[in-house]
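Me: I've got a new structure open and I'd like to learn how to read its features one by one. Can you walk me through it?

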Amino acid sequence: MEILESISRIKERVAELRSRGKSIGFVPTMGALHQGHVSLVKNARSENDVVVASIFVNPVQFNDPADFERYPRDLRTDSALLEGAGCDILFHPAVDDMYPEPDTTEYDFGQLDKVMEGAYRPGHFRGVAVVVRKLFEIIQPHRVYFGMKDFQQMLIVNKLVKDYHIPVEIVPCSTVREPDGLAMSSRNALLPKNERRAAATIYKVLRMVKMQAGFIAIEELKALVAEEIGREKLLKLEYFEIADLKSLVPLKGWTASKEVIACIAVYAGNVRLIDNVILFS
Ligand code: AMP
């Protein structure tokens, strides 16, 4: 696996690959990789001639500087995982190279960032859009692989691609989970033992939601979720929302939409975790 840190070098490299007719699959990440990321790389491997992954902890998408500072970083382990999964090129740029000037572009995502992550992490999706647009510009991939765990992010990137006519196909990939159901996340590494154990409740609650969906009123289901999470003293519910799968407009009743997703954000100690489950599609 080649590791390229300079933007001009990777641009040359992908231009050469494209000129030879090679298809490029791209997996953007912030590192601290786990089997969720590995599954994205494997999907890219199976559908493209060349697989490029990026590792870049993007300061612009962190609304909390302390969260940015403590975000786990381990390039050596990450490189081994990527290579093992079949990645050809790792792009690992420096912050100053990615941001020679502050990027001041503003984005309008309509309803998509007014709820859930958008509402609780102001500026987060603008930061995501800024970096993803730069990465698309640099790598010019044919296909890009995103995890369903960050479902709202995937919809935002989808809108970005449509709004700016970026010629890339977005490939959604299923959420990979730990044996107890907890969605894999780089942040799981920050969980002390007790919080890690408590965090398994998040998916248990989502499974309960999936079973009850359509049978009990949404307000009642929300109260039940708050109660179940509240039972675990180490967990604190930030939001639980039932929303339309495409617009993310929160639903008040089951008949308002045919395609429905449930999304949750929970603090386990001071570590923020998100997850979701599709209820109807
Ligand atoms: P991150 O490094 O957290 O920015 O994530 C990079 C990509 O990996 C994003 O598209 C995430 O949605 C995806 N991802 C993160 N966790 C998982 C998981 N457990 N299963 C599948 N994809 C994931």
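Me: Let's start with a single residue. Where is the place of proline 179?

Reply: Before anything else, keep in mind that this is a predicted model. Proline 179 sits in the loop between strand E6 (169–173) and helix H9 (193–212).

Me: And is proline 179 buried or exposed?

Reply: The cut-off for exposed is over 50% relative accessible area. Proline 179 has 86% relative accessibility, so it counts as exposed. You can also place it against another residue: proline 179 and alanine 223 are 44 residues apart in sequence, and their C-alpha atoms are 27 Å apart in space.

Me: What about a residue that falls in between, like asparagine 43? Which helix does asparagine 43 lie in?

Reply: Asparagine 43 belongs to helix H2 (residues 35–47). Its relative accessibility is 31%, so asparagine 43 counts as partly exposed. Going by C-alpha to C-alpha distance, asparagine 43 and aspartate 113 are 28 Å apart in space, with their positions 70 residues apart in sequence.

Me: Now cavities. How do I get a feel for empty space inside a model?

Reply: The general idea is that you roll a probe the size of a water molecule over the atoms, and that shows where empty space is left. Here the count comes to one cavity of 30 Å³ or more.

Me: What volume does the largest cavity have, and which residues line it?

Reply: The volume is about 50 Å³. The lining is made of Leu182, Ala183, Ser185, Asn188, Ile202, Leu273, Ile274 and Asp275. Sort those by character and you get five nonpolar, two polar and one charged. Strand E9 (residues 271–280) gives the most to this lining, with three residues.

Me: Aspartate 275 caught my eye in that lining. Is aspartate 275 buried or exposed?

Reply: Aspartate 275, which lies in strand E9, is buried, with a relative accessible area of 4%. Look at its partner too: the side chains of aspartate 275 and arginine 177 are joined by a polar contact of 2.8 Å.

Me: Which side chain does arginine 121 contact?

Reply: The side chain of arginine 121 makes a polar contact of 3.4 Å with the side chain of asparagine 63. You'll find arginine 121 in the loop between H6 and helix H7 (124–139), and at 10% relative accessibility arginine 121 counts as buried.

Me: On to aromatics. What do I look at when two rings come together?

Reply: A pair of aromatic rings is described by the distance of the centres and the angle of the planes. Searching the whole structure gives seven aromatic pairs. Take phenylalanine 56 and tyrosine 99: the ring centres are 6.3 Å apart and the planes are at 40°, so this pair is tilted. Phenylalanine 56 lies in the loop between strand E3 (50–55) and helix H3 (65–70), and tyrosine 99 in the loop between helix H5 (95–98) and helix H6 (116–120), so the pair ties together parts that are 43 residues apart in sequence. Phenylalanine 56 counts as buried at 5% relative accessibility, and tyrosine 99 is buried with a relative accessible area of 13%.

Me: How about phenylalanine 62 and tyrosine 71: at what angle are the planes of their rings?

Reply: The planes are at 75° and the centres 5.6 Å apart, so this pair is edge-to-face. Phenylalanine 62 is buried at 10% relative accessibility, and tyrosine 71 is buried at 8%. Add Phe68 and you have one aromatic cluster of Phe62, Phe68 and Tyr71.

Me: Which arginine lies over the face of phenylalanine 68?

Reply: That's arginine 73, at 4.9 Å from the ring centre. Elsewhere, arginine 133 lies over the face of tyrosine 164, at 3.8 Å from the ring centre.

Me: Last one: backbone angles. What is the phi of alanine 32?

Reply: Alanine 32 has a positive phi of about 50°, although it is not a glycine. Alanine 32 lies in the loop between strand E2 (24–29) and H2, and counts as buried at 14% relative accessibility. Methionine 116 likewise has a positive phi of about 50° without being a glycine. Methionine 116 is found in helix H6 and is buried, with a relative accessible area of 4%.

Terms used: Residues are numbered from 1 along each chain as its sequence is written. This is a predicted model: local features need pLDDT of at least 70, side-chain atom pairs count only at pLDDT 80 or more; totals for chains, interfaces and linings use all residues. Side-chain values use heavy atoms; hydrogens and water are left out. On a 1 Å grid over the protein atoms alone, a cavity is a set of points where a 1.4 Å probe fits but cannot get out, and a pocket is an open set with protein on both sides within 12 Å along at least five of seven lines; lining residues have an atom within 4 Å of a point. Grid points are joined across faces, edges and corners, and a volume is the space filled by probe spheres set on the points. Helices (H or I, at least four residues) and strands (E, at least two) are DSSP runs, numbered from the N terminus. Ala, Val, Leu, Ile, Met, Phe, Trp, Tyr, Cys and Pro count as nonpolar, Asp, Glu, Lys and Arg as charged, and the others, Gly among them, as polar. Rings of Phe, Tyr and Trp (its six-membered ring) pair if their centres lie within 6.5 Å; planes under 30 degrees apart count as stacked, over 60 as edge-to-face and the rest as tilted. Buried means under 20% relative accessible area, exposed over 50%, partly exposed in between (1.4 Å probe, protein chains only). A charge sits over a ring if NZ of Lys or CZ of Arg is within 6 Å of the ring centre and within 35 degrees of the ring normal. A polar contact is a pair of N or O atoms within 3.5 Å; within protein, one must be able to donate a hydrogen and the other to accept it, and residues adjacent in sequence count only if both atoms are side-chain atoms.
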